[in-house]
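Thanks, everyone, for making the time this morning. I would like to walk you through one model, so please have a look at it before I start.

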Amino acid sequence: LKRSHGSRTVLNIDKLEIGPNQIYTLIGPNGAGKTSLLQILAFLDRPSSGIMHFWDKQVSFDEKDLYALRQQVVLLDQNPIMFTGSVWTNVEFGLQVRKVPGQARKKRVEEALELVGMEKFAHYPAQGLSGGETKRVALARALVLQPDVLLCDEPTANVDNENQEIILNIIQKINIERKGSIIFSTHYLSQ
């Protein structure tokens, strides 16, 4: 799998196999291609060359096919942006887009906020959160969609030690409880 921007190759992987129900960590310095790989794995970017399979089926990168794949894979961005409105409306947004019925939406939002320890902030303005709280709400926004694969681009970057530990514990817990695959990037070998 190769990804180039002009004459610069930012990603060049001979072979990578990711199994189900595991946690994988991408470790490397800035510019190593971690974010590029995550964006390709999330079907938000295309490789310049190479073949990719998802659940043993070759990915065509046709927009119609990509829509279905994006329903199964969610990327938590390194610098999540909160929409205007409450924490609740931020977490509920993806479910509304996917036309999940109201009662099911309510239950899933409550569960996601509880999972990340942000249920008391449900009606708090999302743009007034601290960095660690924002990351946890963004994680709830991803988890509420119940993806088969969760990709996290440096989920503990720029947050205090307490929130780093909370986020890593949530990642481990969802892997155990939901049996999904999780891939996250970090600079820290200890993680």
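I will begin with the sheet, move on to the helices, and end at the surface.

Please keep in mind that this is a predicted model. In it you will find an open sheet of 4 strands, paired in parallel, and if you read across it the order is S3-S8-S7-S6. The edges are formed by strand S3, residues 23-27, and strand S6, residues 73-76, each of which pairs on one side only, and from one strand to the next the twist averages 15°.

Looking inside the sheet, strand S7, residues 149-153, runs parallel to strand S8, residues 181-186, and 5 bridges join the two; as one example, Leu-151 has Ile-183 in S8 as its bridge partner. Helix H6, which spans residues 161-178, packs on the sheet and touches S3, S7 and S8, with its direction at about 160° to that of S8.

Now to helix H1, residues 34-41: is it mostly covered or mostly open? It is mostly covered, since 6 of its 8 residues are buried, and among them are Leu-37, Leu-38 and Ile-40. These buried residues pack against strands S1 and S2 as well as against S3, S6, S7 and S8. Just after H1 comes Phe-43, which takes a positive phi of about 65°.

Finally, on the surface, Phe-83, Phe-93 and Val-97 form a nonpolar patch, and together they have about 270 Å² of accessible area. Phe-83 sits in the loop between S6 and helix H3, where it is partly exposed, with a relative accessible area of 37%.

Notes
Residues are numbered from 1 along each chain as its sequence is written. This is a predicted model: local features need pLDDT of at least 70, side-chain atom pairs count only at pLDDT 80 or more; totals for chains, interfaces and linings use all residues. Side-chain values use heavy atoms; hydrogens and water are left out. Two strands pair if DSSP finds at least two bridges between them. Axes are lines fitted to C-alpha atoms, for helices over the stretch in contact, and angles run from 0 to 180 degrees between N-to-C directions. Contact means heavy atoms within 4.5 Å. Patches are made of residues with over 30% relative accessible area and no salt bridge: like charges are joined within 9 Å, nonpolar side chains (Val, Leu, Ile, Met, Phe, Trp, Tyr) within 5 Å. Accessible areas come from the Shrake-Rupley method with a 1.4 Å probe; for residues, only the protein chains shown count as cover. A salt bridge is a side-chain nitrogen of Lys or Arg within 4 Å of a carboxyl oxygen of Asp or Glu. Buried means under 20% relative accessible area, exposed over 50%, partly exposed in between (1.4 Å probe, protein chains only).
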